[in-house]
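Reader: I am new to this structure and would like a close look at a single part of it. Please take the open sheet and what lies around it, and go through it step by step.

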Amino acid sequence: MHTTKKKFVTEGDVNASSLREKWNDNIKDRKTKELLQRDNASFLHQSLSTPCLDVIESSEGIYIINGEGKKYMDFHGNNVHQVGYGNEYVKEAVKKQIDTLPFCPRRYTNEKAIALAEKLGALSPGSLNRVLLMPGGTTAVSTALKLARLVTGKHKIVTCWDSFHGASMDAISVGGEAQFRSYMGPLMPGVERIPPPSSYRGIFTGMGKDDLFSAEYLEYVIEKEGDIGAFIAETIRNTDVQIPSKAYWKKIREICTRHGVLLILDEIPIAFGRTGKMFAYENYDIEPDIVCLGKGLGAGMIPIAAIIARDDFNIADDVALGHYTHEKGTLGSAAALAMLQYIEDKKLLAKVKDDEQFTQQQLTMLKDKYSLIGDVRGIGLLWGIELVKDRSTKEKAIKESEAVMYECLSRGLSFKVSAGNVLQLSPPIIITREQLKEALAIVEAAIASVS
Ligand SMILES: Cc1ncc(COP(=O)(O)O)c(C=O)c1O
């Protein structure tokens, strides 16, 4: 029986700290307290979930709203909320779909799913146009791994330490965070891990100054180990916002091509405008062999995920690759098509690029003002503020980060702390400039109160 209680500070803030206890003690609303108790009594407890922060009763635009009417600007949203909560355009499309065909059984198809597959192919470069739909991101990763085995005839795969690719047994096998592998026993064999590109800019200083060292490490492992079928990685690390250089991705692409290793990019949290592009890899002028999508694909309304693979990978007629009940989901497809149309109609990609400039300026000013801030980094509307005790040693300011988060929560701004000391800000991309300013003012006030 499992008894140990480790407090990991990797993927997100912990739900068992003294500040969390204080936060929960401060909840006075009777109904909220009662609902939290019922949640506590009925759900299996797990990290980053039950016990929960608050009870959400409604959501709208960039806000989640609790039972007392308190509005939190949601700068986390599990990355599903690019076009905002309850987006009217998406809602209409989903409502219409519920009235006509809410579900499509396997072995049949439907026009909405076909249109979505065509649209995803059309948005992707060149030969990347074969699609499979599935119910969630983890299943997209799982399907991509299976397809890579079929295409290459090899089961070994290289991944990065610190990466996250989902919570199922195969996804944690290729993930790089101990939090998700701990206590689980033997996992999928044939996984080799390399240091992520970010590690060469920080942890291993002295070994090299840039992330090309990490790319070289991939080639070293491919040559040493042999039989490697694929390399899977997040194009940009979402949780603690690690943004590799263009040279890194160019080199990785070149190494994979030269060695016949498939490049699988996991863009589950960061596609659909988050980085100012429809797909994050477009920032790097590279083409993956398979891309995994999810989260925002369902526009914060319906769970749906996808892989897009090369046309010549269409070789699995006799294999169940992604044999999921909710495969050609009509509601998810309707939501996804509406979301993609909305991004195009409202020219949100260009808006995100403007927001990127503004956020960069504002956060750089904050960094100049507060020594607690060790680094700010970001792209589009994905930003990380790293808090440190000392800029020269980069010692993580873990307690301070948690304190800043709770201060922001009490002032109506919700986000996640990643890696123990990175305030991760990823608002809906529909956010107005005024709302963005308001949120950044809350961040500043919270940092000032903790500094
Ligand atoms: C990079 C990445 N890959 C995969 C997943 C898994 O997606 P899902 O939770 O929809 O299964 C996540 C979810 O957080 C993710 O961030």
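Author: What follows starts with the sheet, moves to the helices and loops beside it, and ends with the ligand and the domains.

The model is a predicted one. Its open sheet has seven strands in the order β4-β10-β9-β8-β7-β5-β6, and the pairing is mixed. β4 and β6 (191-194) stand at the edges; each has a single partner strand, so one side of each has no neighbour in the sheet. On average, neighbouring strands of this sheet are turned by 20° against each other, direction ignored.

One pair can be followed at the level of residues. Strand β5 (residues 156-160) and strand β7 (residues 228-234) pair in the parallel sense, over three bridges. In β7, A230 is the bridge partner of I157.

Two helices lie across strands of the sheet. α4 lies across β4 and β10 (305-310) and runs at about 140° to β4. Helix α9 (residues 246-259) lies across β7 and β8 (262-266), and runs at about 140° to β8.

The loop after α4 holds a residue worth a look. S124 sits in the loop between α4 (111-123) and β4 (128-134). S124 counts as buried because 22 other C-beta atoms lie within 10 Å, the cut-off being 20 or more. Leaving out residues up to four places away in sequence, S124 touches N129 and I308. N129 falls within the range of β4, 128-134, and I308 within that of β10, 305-310. The C-alpha atom of S124 is 29 Å from that of Y217, and the two residues are 93 residues apart along the chain.

Another loop leads into β10. P303 is found between β9 (290-293) and β10. P303 has 19 C-beta neighbours inside 10 Å and therefore counts as partly exposed. Not counting residues up to four places away in sequence, P303 touches P135, G136, G298 and G332. P303 and L116 are 187 residues apart in sequence, but 14 Å apart in space, C-alpha to C-alpha. L116 belongs to α4, which covers 111-123.

G136, one of the residues that P303 touches, brings in the ligand. The ligand is surrounded by 14 residues, of which G136, G137, T138, G166 and I268 are the closest. Helix α5 (residues 137-152) gives the most to this shell, with three residues. By class, the shell has four nonpolar, seven polar and three charged residues.

The domain assignment sets the wider frame. It divides the protein chain into domain 1 (18-85 + 348-450) and domain 2 (88-345). The centres of the two domains, taken over C-alpha atoms, are separated by 26 Å. Where they meet, 29 residues of domain 1 are in contact with 27 residues of domain 2. On the side of domain 1 that touches domain 2, α11 (348-369), β11 (373-379), β12 (382-390) and β16 (422-425) each supply at least two residues. α11 gives the most to that side, with five residues. By class, the side has 13 nonpolar, 12 polar and four charged residues.

A hairpin can be set beside the sheet for contrast. Strand β1 (residues 56-60) and strand β2 (residues 63-66) run antiparallel and are joined by four bridges. In β2, N66 is the bridge partner of I56. Two residues lie between the strands of this hairpin, and G61 takes a positive phi near 60°.

Technical notes. Residues are numbered from 1 along each chain as its sequence is written. This is a predicted model: local features need pLDDT of at least 70, side-chain atom pairs count only at pLDDT 80 or more; totals for chains, interfaces and linings use all residues. A residue is near a molecule or strand if its C-beta atom, placed from the backbone, lies within 6 Å of it. Ala, Val, Leu, Ile, Met, Phe, Trp, Tyr, Cys and Pro count as nonpolar, Asp, Glu, Lys and Arg as charged, and the others, Gly among them, as polar. Domain bounds come from an automatic or database domain assignment. Two residues are in contact if their C-beta atoms, placed from the backbone, lie within 7 Å. A residue is buried if 20 or more other C-beta atoms lie within 10 Å of its own, exposed if 12 or fewer, and partly exposed in between; C-beta atoms are placed from the backbone. Two strands pair if DSSP finds at least two bridges between them. Axes are lines fitted to C-alpha atoms, for helices over the stretch in contact, and angles run from 0 to 180 degrees between N-to-C directions.
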